[in-house]
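Trainee: I'd like a close look at one part of this protein, the open sheet and what sits around it. Could you walk me through it slowly?

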Amino acid sequence: MIDTRAFITALQQRGVGLFTGVPDSLLQDFSAALHNDLPAQQHIIAANEGNAIALAMGHYLGTGKPAVVYMQNAGLGNTVNPLTSLADPEVYGVPMLMVIGWRGEPGKKDEPQHVKQGRITCAQLELLDIPHWVLDAESDIEAILGAAWQAMAAGQPAALVVRAGTFSKVSLQAVPTGPSALLREEAIAALLQCLGEHDSLVATTGKTGRELFELRAHRGENQRDFLTVGGMGHTASLALGIALAQPQRRVVCLDGDGSLLMHMGALPVIAEQSPKNLLHILLNNRAHESVGGQPTVAGQVDFRAVALGCGYQGYFAASSVEQVQSVLADINTSGAAGPLLFEIHLAQGSRPDLGRPTRTPQQNKQAVMQHLGVEHA
Ligand SMILES: Cc1ncc(C[n+]2csc(CCOP(=O)(O)OP(=O)(O)O)c2C)c(N)n1
């Protein structure tokens, strides 16, 4: 196993003064050590992986030193444009070291949304002409970093593809919490009590969908909610698509703060389309709870101002089961026209025995389309 702190020190000794990225469960020890040990200006959790590449470029322009950009391989897609159109040696030629968590590595069991991405990760890096090395518990860090730095000296990004179980355990030190004691699962359970049979639910990537799946089963109800198992940050746009296609039906988007921040540009577009039937619920625990609890910047964002400033028709907030139910009851009786943002302030936390959806994504799609009354083409 690689000592996580020793690895970070080795990077710092090579001149790395900025670590930026989006957290990943496979890299959670690495990001926990960065969070615990580094001053805030040396470790910046970006809203999405493409932003992190750009931040690393700016850092290089200002210091002449490569930054480290970490991510789950699911985030590689978000980086492709700034990599090919900016950092690439055929454009500006900017060195940086990408540290990529390898979910769905071939031969290892993983969830459906990770299988293809895991299979193509190294081939994607080859296609991008990014020199890369696989890092695992047995790797010789000095040799690999030496080779990576040599490659970067030519003015280009390099990457480490990190296998599960590579880094030694580091526990994340307490992150700032909000005033709410409500847990996400309690909030979703309260919502389910107030939503109607015809409402269409779209849940964001991570534990939200997993909890919703189990709560539906627990209530003895048919699975009908779109779980958005991948594509973090796109939940609200997906919900917009359904809402516009089925204006007679209420569409309820269960979003996360990390997810909403990742592609926040969706908000004014949703507002501009003004779907009266869209209820956008922000489950705000101020963290990437599903992958280890690393903080987001959501605690310092005034989402009321954001939503209304983008053109949403209304904003509501709650931080207890009673408030969730009374807000929903008000929305139900008033028939307030959307798009509405309903922010639920949460504490961090989830059940250790939380399961995973037992239906495949294809089965999920079919169940959703059946609920929406759409013939499956
Ligand atoms: C593009 C992309 N980057 C990163 C991930 C890894 N990931 C899965 S869930 C998650 C956290 C989501 O945070 P948030 O939306 O706040 O929901 P929470 O987990 O707190 O409920 C992350 C970072 C991913 N699936 N896709």
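Mentor: Here is a tour that starts with the sheet and then moves outwards.

This is a predicted model, so local features need pLDDT of at least 70, side-chain atom pairs count only at pLDDT 80 or more, and totals for chains, interfaces and linings use all residues. Residues are numbered from 1 along each chain as its sequence is written.

The open sheet has five strands in the order 7-8-9-13-12, with parallel pairing. Strand 7 (200-203) and strand 12 (314-318) sit at the edges with a single partner strand each, so one side of each has no neighbour in the sheet. From one strand to the next, the twist averages 20°. A word on terms: helices (H or I, at least four residues) and strands (E, at least two) are DSSP runs, numbered from the N terminus. Two strands pair if DSSP finds at least two bridges between them.

Now zoom in on strand 8 (residues 251-256), which pairs with strand 7 in the parallel sense over four bridges. Serine 200 has valine 251 of strand 8 as its bridge partner, and alanine 203 stands opposite leucine 254. Strand 8 also pairs with strand 9 in the parallel sense, over six bridges; there, valine 252 has leucine 279 as its bridge partner.

How covered is strand 8? Six of its six residues are buried, where buried means that 20 or more other C-beta atoms, placed from the backbone, lie within 10 Å of the residue's own (exposed is 12 or fewer, partly exposed in between). In a regular strand the side chains alternate between the two faces of the sheet. Here both faces are covered, with Val251, Cys253 and Asp255 buried on one side and Val252, Leu254 and Gly256 buried on the other.

Next, the ligand. There are 26 residues around the ligand, and Gly206, Gly256, Gly258, Glu289 and Ser290 come nearest; a residue is near a molecule if its C-beta atom, placed from the backbone, lies within 6 Å of it. So Gly256 turns up twice, in strand 8 and beside the ligand. Helix 8, helix 10 (257-262) and strand 10 (287-288) each supply at least two residues of this shell, and helix 10 gives the most, with three. By class, the shell has six nonpolar, 15 polar and five charged residues. For these classes, Ala, Val, Leu, Ile, Met, Phe, Trp, Tyr, Cys and Pro count as nonpolar, Asp, Glu, Lys and Arg as charged, and the others, Gly among them, as polar.

Finally, step back to the domains. The protein is divided into domain 1 (4-162) and domain 2 (184-371), with bounds that come from an automatic or database domain assignment. Both domains give residues to the shell around the ligand, so the ligand lies between them. The C-alpha centres of the two domains lie 31 Å apart. In all, 14 residues of domain 1 are in contact with 16 residues of domain 2, contact meaning that the C-beta atoms of two residues, placed from the backbone, lie within 7 Å. Helix 2 (28-37) and helix 5 (112-127) each supply at least two residues of the domain 1 side, and helix 2 gives the most, with four.

Methods:
Axes fitted to C-alpha atoms, helices over the stretch in contact; angles between N-to-C directions.
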